[in-house]
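Open the model in your viewer and set the ligand to sticks. We start with its contacts and then zoom out.

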Amino acid sequence: MENKIQQIEYEVYKDASELAPEDRALLEAARKAVEDAYAPYSRFKVGAALLLANGQCVPGTNQENASYPVGICAERTALSTASSLYPGIAVRTLAVSYHNELGSSLKPISPCGICRQTICEYEQRFNTPIRIIMAGLTGPVFIVKNGGSLMPLSFSSSDML
Ligand code: THU
């Protein structure tokens with residue numbers, strides 16, 4: 001038997017003012033998108049913004065439903081929109097933020113498991129890492145260099161060969 005340990009590396013910034021201008025602008029777009037979220041059930045409004053390889057910025061928000069499992073997260077809304085509007089164009093960076101109307105919005109948000117799986121699919125599809133910028137409406141910012149680092153031992157198409 002052998003024990004294996006996998007660690008993840010992420011950058012921690014005091015707040016958005018420490019970010020490079022391009023990252024700060026993308027996080028700003030995600031924070032702006034929060035306002036457009038449809039989250040009447042959880043009151044947890046999430047906004048995402050993607051920077052594509054062609055320079056386009058694509059927003060996304062969570063879209064809830066009275067039948068709760070039907071709802072979709074902001075990250076996947078953004079990825080599906082990008083893939084529909086700009087098919088074949090790689091995603092370089094994803095920024096995500098939120099406003100918790102029932103609590104604090106300070107702690108960086110990180111994508112849920114289904115969104116992580118989806119991000120990994122896009123990384124593999126375009127053979128391009130997707131940087132992920134995670135933040136609240138204010139406060140600290142975390143950045144990981146790729147979605148795969150949030151998905152150790154992930155399942156992908158290569159497992160079906
Ligand atoms: N949500 C997102 O949109 N992204 C995340 O990364 C975490 C959760 C949404 C799903 C649901 O509409 C609400 O936040 C509460 O879970």
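Select E75 in this predicted model. One of its polar side-chain atoms lies 2.6 Å from an oxygen atom of the ligand. That is a polar contact, meaning a pair of N or O atoms within 3.5 Å. Now click E64: an N or O atom of its side chain is 2.5 Å from an oxygen atom of the ligand. Add N62, where a polar side-chain atom sits 3.0 Å from a ligand oxygen atom. Next, show the ligand surface. Alone, the ligand exposes 370 Å², and the protein buries 75% of that (Shrake-Rupley method, 1.4 Å probe).

Select the shell next. Residues around the ligand include S42, F44, V46, C73, A74 and I109 (near means a heavy atom within 4 Å). By class, the shell has seven nonpolar, three polar and two charged residues. Here Cys, Pro and Ala are among those counted as nonpolar, Glu is among the charged, and residues outside the nonpolar and charged lists count as polar.

Color strand 2 (44–52) and helix 2 (74–85). Each supplies at least two shell residues. Helices are DSSP runs (H or I) of at least four residues; strands (E) have at least two.

Zoom out to the cartoon. Count three helices and six strands. From the N terminus, the order is β-α-β-β-α-β-α-β-β. The C-alpha trace spans about 45 × 40 × 35 Å along its principal axes.

Residue numbers start from 1 along each chain as its sequence is written. Local features need pLDDT of at least 70, side-chain atom pairs count only at pLDDT 80 or more, totals for chains, interfaces and linings use all residues, and side-chain values use heavy atoms, without hydrogens and water.

Note on methods: A polar contact is a pair of N or O atoms within 3.5 Å; within protein, one must be able to donate a hydrogen and the other to accept it, and residues adjacent in sequence count only if both atoms are side-chain atoms.
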